[in-house]
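Trainee: I have the sequence and the structure open side by side. Could we go through them together, one question at a time?

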Amino acid sequence: MPLDLRLAVHAPNGAKLGTLPHPLSSEAAWPLNDVPALRLAYSSAALGAQLLASPCEVAVEWSSDGVTWTEAPDGRFLRIKRRTDGVDQAGVQRYELPGYSWMLRKLILFPGTAPLVDGKRAFLSATPGAILRTFVTEGQDRGALPLLTIDFDADVDSAGDAWEKILTIHYEPGLDLLTTLINLAEQGVCDFRMEGRTLRVFNADTELDRDLATGAAPIDLRYGRDIVEAPDTGTLEDAASAVLVVGEGGFRQSFVSSAGHGPWGRWEMYVGQGGVSDLGTATLLADAAIKHAAGERVQRIRSVALTEARWLPLRDYQPGDRVLAPGEGGALESLRVRQITLTRDQHGVVSGNLVLNDRLLERDLRLARRTAGIVGGSTASGGSGARPAPETPVPRTPAKPTGLIVNALPYIDSSGFPQGQITATWNPVTADASGVALTVGGYELFGRVNEVGAPWFLVALTQAGDVSATFSPLIVGEQYQFKVRATNLGQRGAFSDSVAVTIPDDPYAPPVPTAPQLATRLGVVHVTWDGLGVGAAVMPSDFARVRVWMQDPLAPGWAEIGSLYGAGALVVPGLPYGADREFRLTSVDQSGNESAASTSATIAATQLVNGDAATGSITTGALAANAVTAAKVAAGAIEASHLAANAVTADKLEAVLALVSRLVAGNPTGARVELNSSGVEAYNASSVQTVSVSAATGAVAIIGQLSTGTVGRRIVVNPAGSADPEIRWYPGSGTNYARIYADTDGAIVHVSGLSPDTTRRSQVIQRGDEWRAQIYDPATGLAGGGYMFAKPDELEVGYNDASANLHRFRFTSAAAEFKGKWTFTGSEAGLIMRTVSLSGGSAYNVLWTFTMLTVPRVVFTADNPIPDRLAFHMRTPTTTQFTLRSSESSLGTPTAFTVQLNLWAWRM
């Protein structure tokens with residue numbers, strides 16, 4: 001049975017009243033991240049018309065068997081608008097019903113209890129759930145939308161996953177919940193839909209971005225079965241090939257598309273953003289603008305035949321899902337369902353259509369969201385609206401900024417390599433450190449690599465009222481820490497709480513390559529690529545190479561056989577005659593992102609003649625001049641025995657022997673030495689490159705192990721299996737080696753071999769701002785003996801072990817300190833120092849923790865006694881303890897006290 005729809009009527013915020021059996025027509029549209037709509041025509045004389053006489057809720061229910069009916073997500077609509085025609089004898093009533101989410105516009109934000117900032121309510125470092133839940137709970141406390149429910153909170157979304165985005169944002173009181181929700185969705189913060197009267201909100205592109213186009217049984221919508229019409233509407237109205245970015249302080253930068261100009265030549269566009277002052281951020285904005293304007297924009301609408309379709313909307317796929325559907329030229333590709341529209345006529349026949357986005361339009365949406373984040377789409381606005389207090393001759397210290405948010409993005413620089421960019425926003429400072437109104441002069445944003453002791457560096461300076469800043473380039477994959485402070489006439493305030501972010505790598509794969517073109521001569525197959533992606537797409541600036549894959553169709557299993565670094569051909573020798581081989585291509589960028597596979601092509605290698613040519617049957621006279629070329633000679637076909645002595649001389653070779661593709665010694669797909677257009681390369685048996693000599697620069701790279709010998713005393717450089725660049729020194733026998741290596745932050749580490757009992761190693765660590773020597777237990781990594789630790793501002797010498805025995809001297813520019821215990825030998829005297837925390841008593845027995853040789857002389861001080869009026873005295877000292885009492889304890893009513901006691905005793 002095909003898909004059928006019915007309309008069920010519910011009382012406002014109430015129970016189900018019945019169904020509408022005879023609608024003249026109904027049309028429902030379900031867009032992604034927007035309000036759905038239902039249009040309904042019903043005769044006032046038809047059965048059930050009375051259900052629509054007053055405001056109600058209409059639910060669209062679907063069924064594929066006529067027995068089980070299910071209310072679709074976003075399937076609840078509000079009967080709030082109707083039209084009639086008094087002269088219509090049929091009494092047709094026409095209704096336009098928005099989805100239940102339309103009511104979210106009837107819940108607005110009130111000022112709240114906290115002071116407003118520039119007339120706006122601040123949400124500082126808040127999750128989307130915290131913001132939306134504030135709207136709902138405060139509104140319902142006032143009695144608004146009492147039957148609306150939500151299944152998310154400040155910590156997790158409706159799927160139970162932690163929120164991925166944190167925002168600092170300011171909203172005007174009076175802003176409604178629906179506008180806020182759609183705004184957050186447009187910025188890529190969240191996705192949403194209603195289920196009945198429940199608002200469900202998810203992290204963006206997660207729960208409402210199911211990939212149904214892959215897997216064992218993909219949702220594949222095909223012509224003639226699922227799809228009957230496929231109109232595409234294209235336009236070049238927004239196309240451009242060059243963009244001018246104008247930023248702050250006269251910053252200007254122009255960019256031109258790598259794909260070239262359009263049919264009418266260069267078309268230009270403009271992007272203005274006052275907060276941009278660095279090349280990386282300008283590159284991000286220009287890249288988004290050029291990609292959005294690159295060529296024709298196409299809207300794809302696919303009409304679905306629900307009587308013959310294998311896959312049905314609502315049942316098998318919903319808005320936001322990715323399905324296989326005919327795209328450009330009718331070829332199946334992964335497309336995202338952006339809207340489903342279903343119509344039911346008066347005969348009960350259901351039809352519908354889909355609005356689909358291809359990968360380019362989806363990329364444009366993500367670029368638009370990214371651009372909104374860069375230019376401050378969800379950040380606090382500047383200024384507070386407060387009257388500044390008069391300045392005193394001494395500049396006042398600004399208060400600590402709050403609500404710092406840092407958004408990190410990748411971009412591709414002019415050399416084709418990924419770099420990182422950050423946009424930081426924070427709440428404006430409107431008072432000094434004591435709370436008196438103040439107009440600050442600007443802000444200073446600092447950053448550093450997120451490591452203890454790493455130096456801070458100034459990232460950006462902003463003017464008064466400008467509470468956002470951008471910075472680039474940064475290293476992708478690296479974690480950075482940022483903080484900001486306000487300034488006032490040279491007086492700097494306290495730093496905000498710091499925020500750490502990891503710079504993401506470029507997530508986008510290059511275009512899928514065009515299908516390989518195949519040719520065969522003399523058992524050699526030529527695999528040729530035109531250098532373009534599907535649809536004549538130009539490879540991006542970070543394109544690295546195309547991987548060439550081959551398999552035997554009768555024994556499937558793809559294997560990589562080589563690479564192309566641009567348009568050209570790869571020669572594949574040694575294939576059996578007459579046996580099909582299938583080839584395909586994938587493209588890879590500098591970040592390692594790999595495209596889907598190209599369309600494959602199949603060919604069988606052919607030989608020159610049937611059978612072997614007789615000895616001497618092919619003579620020089622039988623060959624035309626220049627008939628034997630490199631393309632006609634199989635690899636390895638001409639051997640030394642085929643050439644007379646001194647037959648190949650300089651006059652028989654051109655002055656330059658041009659390398660068309662590559663020369664290989666060894667297995668073409670395994671261990672080999674190869675001469676190609678990139679230079680000289682060597683590979684191991686797993687086809688992993690081990691040696692590279694660049695033809696462009698002459699640079700030499702050796703990947704793998706170098707050793708002065710295989711056994712005995714030897715030095716090994718870059719040993720196999722080592723995680724870091726490393727040099728090892730092996731003894732005469734055994735494997736108890738010492739080593740030096742450099743870690744990820746450039747530190748040099750010296751590690752000795754094991755001690756004779758295999759329980760200890762010694763280690764020296766040298767960093768730019770740290771030097772450390774220590775003994776440690778290699779089994780646990782814990783300290784196990786003496787150590788020395790030096791930094792620019794301190795020196796520490798001591799002993800530490802796994803049992804927490806710590807004794808140390810520490811020297812700084814301020815003082816020298818000692819921590820630990822003193823011990824003595826024989827009957828020697830010595831000074832004992834100790835700290836004891838005492839809490840809640842009126843008197844204490846203080847133990848030495850060991851027995852003195854004689855009763856010691858004791859001096860003590862107390863930190864922060866509570867109550868602070870108390871004085872203390874010592875009573876009845878012995879060789880093991882003494883009693884501590886307050887001076888008030890002798891007054892008859894002992895007073896409990898808490899104290900930190902510092903003791904000095906001389907051991908006799």
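Mentor: Gladly, and let me begin with a pair of strands. Strand 5 (residues 57-63) and strand 6 run antiparallel and are joined by 5 bridges. Keep in mind that this is a predicted model.

Trainee: Thanks! Which residue in strand 6 does E61 stand opposite?

Mentor: Start from the pairing: strand 5 is joined to strand 6 by bridges, in antiparallel fashion. Within strand 6, the residue opposite E61 is E71.

Trainee: What is the order of the strands in the open sheet of 4 strands?

Mentor: Strand 2 (16-20) and strand 6 (70-78) each pair on one side only, which puts them at the edges. The pairing in the sheet is antiparallel, and the twist from one strand to the next averages 30°. Read across, the order is 2-1-5-6.

Trainee: Now the charged side chains. How far apart in sequence are the parts tied together by R76 and E57?

Mentor: The side chains of these two residues meet in a salt bridge, with 2.8 Å from N to O. R76 is buried, and E57 is buried too. Because R76 sits in strand 6 and E57 in strand 5, the pair ties together parts whose separation in sequence is 19 residues.

Trainee: Is E138 buried or partly exposed?

Mentor: E138 is the salt-bridge partner of R121, and their closest N and O atoms are 2.6 Å apart. R121 belongs to strand 9 (residues 121-126) and E138 to helix 1 (residues 128-141), with the two positions 17 residues apart in sequence. R121 has a relative accessible area of 13%, which makes it buried. For E138 the relative accessibility is 24%, so this residue counts as partly exposed.

Trainee: Where does R396 lie, the partner of D432?

Mentor: The side chains of D432 and R396 meet in a salt bridge at 2.8 Å, N to O, and both residues are buried. D432 is in the loop between strand 24 (418-425) and strand 25 (442-449), so the pair ties together parts that are 36 residues apart in sequence, and R396 lies in the loop between helix 4 (359-374) and strand 23 (405-412).

Trainee: Which residues are joined into one network by salt bridges that share partners?

Mentor: The chain has 40 salt bridges by the rule used here. We have already met one of them, between R76 and E57. Through shared partners, the network joins E57, E71, R76 and R197.

Trainee: Let us turn to strand 35. How many of its 10 residues are buried?

Mentor: Strand 35 (residues 543-552) runs antiparallel to strand 38 (residues 580-589), joined by 8 bridges. With strand 36 (residues 555-564), strand 35 has 6 bridges, also antiparallel. Strand 35 is mostly covered, and the number of buried residues is 7.

Trainee: What is the bridge partner of M550 in strand 36?

Mentor: Strand 35 and strand 36 form a hairpin, with 2 residues between them. On the strand 38 side, Q551 has E582 as its bridge partner. In strand 36, the partner of M550 is A559.

Trainee: Which strand gives the most residues to the largest nonpolar core?

Mentor: That core has 42 residues, and W30, L221 and Y317 touch the most other members. A second, separate core has 33 residues, including L78, A144, L148 and A185. In the largest core, the top contribution is 4 residues, from strand 21 (residues 332-344).

Trainee: What separates the C-alpha atoms of R225 and L306?

Mentor: R225 is found in the loop between strand 13 (198-203) and strand 14 (227-229), and its relative accessible area of 24% makes it partly exposed. Beyond its neighbours within four places in sequence, R225 is in contact with D220, A305, E308, A309, R310 and W311. R225 and L306 are 81 residues apart along the chain, and their C-alpha atoms are separated by 8.9 Å.

Trainee: To finish with the whole chain, what percentage of its residues is buried?

Mentor: The chain has 4 helices and 61 strands. Of the contacts between residues at least 6 apart in sequence, 58% join residues at least 24 apart. The accessible surface is about 46,100 Å², with 54% of it belonging to carbon and sulfur atoms. Among the 908 residues, the buried share is 40%.

Technical notes:
Residues numbered from 1 in each chain as written. Predicted model: local features only at pLDDT ≥ 70, side-chain atom pairs only at ≥ 80, totals over all residues. Heavy atoms only, no water. Core = buried A, V, L, I, M, F, W, Y, C linked by side-chain atoms within 4.5 Å. Buried < 20%, exposed > 50% of the residue type's maximum accessible area, 1.4 Å probe, protein only. Pairing = 2+ DSSP bridges. Axes fitted to C-alpha atoms, helices over the stretch in contact; angles between N-to-C directions. Contact = heavy atoms within 4.5 Å. Areas by Shrake-Rupley, 256 points an atom, 1.4 Å probe, with all protein chains shown as cover. Salt bridge = Lys/Arg side-chain N within 4 Å of Asp/Glu carboxyl O.
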